[in-house]
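Here are some exercises to work through with the model open beside you. Try each task before you read its solution.

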Amino acid sequence: MVSNNDDFHNNDLKPAEVNSTPYGEFNFDVPKNIFPKHGMPARASAAIVNSECWTDANSMLNLSSFVTTFVEPEARELAAGHFHKNFADPDMYPHARGTGFQCVKWLHSLWNGPKDATPYGAATIGSSEACMLAGLAHKWNWREARENAGKDAARLNMVTGGIVQIVWKKFMRYFDVEARIVPLSVGNYRLTAEHLDKYVDENTICVVAIAGQTFTGEDDDFQEIHDWLDAYEKCTGVSIPMHIDGASGGVINPFLYPEYEWDFRLPRVQSINASGHKHGLVPPCLGWIVFRDRSIFNEKLVFYVNYLGGEAPTATLDFSKGSKTIILQHYQMLRLGREGFERIMRHMLANAATLRDHLVESGYFKIINATQRIPVVALTLDKDKATNFNGFDVSAKVREKGWILSTYSMPPDVQSFNSVRIVIRPHINQNTVDNLVSNIVSACDFLGKHGGKSRLRNCTTSTRRRRRNAEAASSARHRAEAAIRELQLHAKAIHHGTEFLGFGV
Ligand SMILES: Cc1ncc(COP(=O)(O)O)c(C=O)c1O
């Protein structure tokens with residue numbers, strides 16, 4: 001129980017009182033604003049922390065996230081056995097550290113790194129940290145090359161597509177790199193070579209292309225971008241590297257599309273990141289950055305420290321961190337091998353296709369992505385059928401059944417619609433897909449009858465103002481009808497013994 005009284009000293013309950021009922025452990029008072037004065041028994045502390053999280057979402061139904069939420073008991077045991085090991089301390093835990101290098105080497109081979117190269121990379125907190133490290137490497141390399149050539153190295157930029165995940169915008173802002181973001185157009189969400197001539201120049205530190213875009217799951221056109229950069233080098237003598245952000249697609253492409261050249265087979269690709277906690281099938285937090293060769297990661301970014309014993313290099317944005325996710329990645333790679341990963345990816349993709357087809361058949365949705373590479377279903381409501389509700393309403397309505405499906409506002413230039421994105425993960429089976437389809441369609445039926453509440457949520461301010469004015473001017477007759485409908489619904493909900501949940505007119 002949280003107390004608003006800051007003078008209150010928690011745990012003033014006598015042990016006898018605490019143990020007098022089976023619920024004593026839940027009933028310790030917790031001060032809200034001041035640090036607890038006394039401790040409490042472990043069971044009480046666990047009960048209170050647990051109870052505070054009871055209303056968190058059910059992570060198995062959280063289909064707006066790619067993040068892994070299921071691992072086998074053996075994996076849990078393994079994690080528990082190594083949770084205390086600091087990955088930054090290779091002197092004490094050389095084998096935990098070695099596990100990380102092993103995974104980097106395997107990823108380098110999975111991503112077809114050249115056989116004569118020295119694999120190099122790092123385990124990170126997630127793809128975000130991995131992307132930042134890649135961006136820094138390219139920034140340092142670019143600057144060094146410019147300075148060595150006696151050229152101005154003050155203005156630098158990075159080129160990427162308009163659907164880019166927020167991490168790249170963060171990177172460019174935090175590390176003073178001009179953002180050159182190629183705008184999208186409705187129906188075409190992939191970065192291609194089409195507009196590169198307006199964005200790329202000698203100050204471009206790298207072009208970032210995405211494998212498994214956040215909004216649609218599609219891939220940018222790697223080959224076309226690569227070939228364009230080759231041609232650009234021929235004309236100008238300026239060689240620009242590519243980074244592939246494979247946060248989602250990096251661990252799918254090698255298993256499902258082994259012939260598809262998206263990786264180090266393209267000579268310009270110098271770095272690739274992936275999220276271990278997404279399709280690497282490890283719970284949060286884990287990402288990977290892998291460089292084509294040791295030489296790509298500029299040595300000036302590496303520090304050698306001996307704080308914890310023997311000398312160790314450090315070149316990540318963090319220092320101390322747990323080893324358990326890295327150990328779990330090693331476990332998953334051994335446990336599944338290529339064959340196992342491939343089977344899982346096929347199963348996820350098949351379920352995603354079933355979900356997509358059923359939802360499109362329902363008539364409420366249109367598919368956004370032209371290609372279906374990864375198990376992400378990106379939909380938008382068919383405006384002819386869904387006239388009085390939007391994606392935010394659908395997300396809110398299915399939330400009543402426990403499902404978490406995000407609706408996103410699309411990036412600038414394509415904001416005329418929202419994307420309802422559903423990520424299929426390995427624990428989702430056919431049965432779950434059937435339930436989900438049925439719940440989404442019922443939600444749409446309900447919203448079609450009663451209207452949604454979020455109609456104005458994803459508009460620009462001026463559109464919102466215009467629509468508000470239009471609504472304000474709507475006839476008294478409409479308002480009266482709406483009020484009567486709402487009253488009728490309310491009465492019906494009360495009649496059924498439930499509180500009306502508010503998806504009224
Ligand atoms: C394309 C892309 N890049 C980077 C990220 C950031 O990944 P993380 O959450 O692992 O930091 C994401 C996350 O969804 C992503 O989709």
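**Exercise 1: a covered strand**

Work out how strand 3 (residues 120-124) sits in the chain, which is a predicted model where local features need pLDDT of at least 70, side-chain atom pairs count only at pLDDT 80 or more, and totals for chains, interfaces and linings use all residues. Residues are numbered from 1 along each chain as its sequence is written.

*Solution.*
- Step 1: strand 3 is mostly covered, with five of its five residues buried. A residue is buried if 20 or more other C-beta atoms, placed from the backbone, lie within 10 Å of its own; 12 or fewer makes it exposed, and in between it is partly exposed. Strands are DSSP runs of E with at least two residues, helices are runs of H or I with at least four, and both are numbered from the N terminus.
- Step 2: look at the two faces. In a regular strand the side chains alternate between the two faces of the sheet. Here Tyr120, Ala122 and Thr124 point one way, Gly121 and Ala123 point the other way, and all are buried.
- Step 3: find the partner. Strand 3 runs antiparallel to strand 9 (residues 287-291) and is joined to it by five bridges; two strands pair if DSSP finds at least two bridges between them. Ala123 has Trp288 as its bridge partner in strand 9.

**Exercise 2: a loop residue**

Find out what surrounds Ala211, in the loop between strand 6 (204-210) and helix 8 (222-236).

*Solution.*
- Step 1: count neighbours. Ala211 has 27 C-beta neighbours inside 10 Å, so this residue counts as buried.
- Step 2: list the contacts, meaning C-beta atoms, placed from the backbone, within 7 Å. Beyond four places in sequence, the contacts of Ala211 include Asp219, Ile244, Gly246 and Trp262.
- Step 3: compare sequence with space. Gly246 is 35 residues from Ala211 in sequence, yet their C-alpha atoms are 4.7 Å apart.

**Exercise 3: an enclosed helix**

Is helix 11 (residues 391-399) largely enclosed or open, and why?

*Solution.*
- Step 1: eight of its nine residues are buried, so helix 11 is largely enclosed by the rest of the structure.
- Step 2: name them. The buried residues are Gly391, Phe392, Asp393, Val394, Ser395, Ala396, Lys397 and Val398.
- Step 3: look for the cover. Strand 13 (376-381), strand 14 (406-409), strand 15 (418-423) and helix 12 (430-450) are among the elements that cover these residues.

Methods: Two residues are in contact if their C-beta atoms, placed from the backbone, lie within 7 Å.
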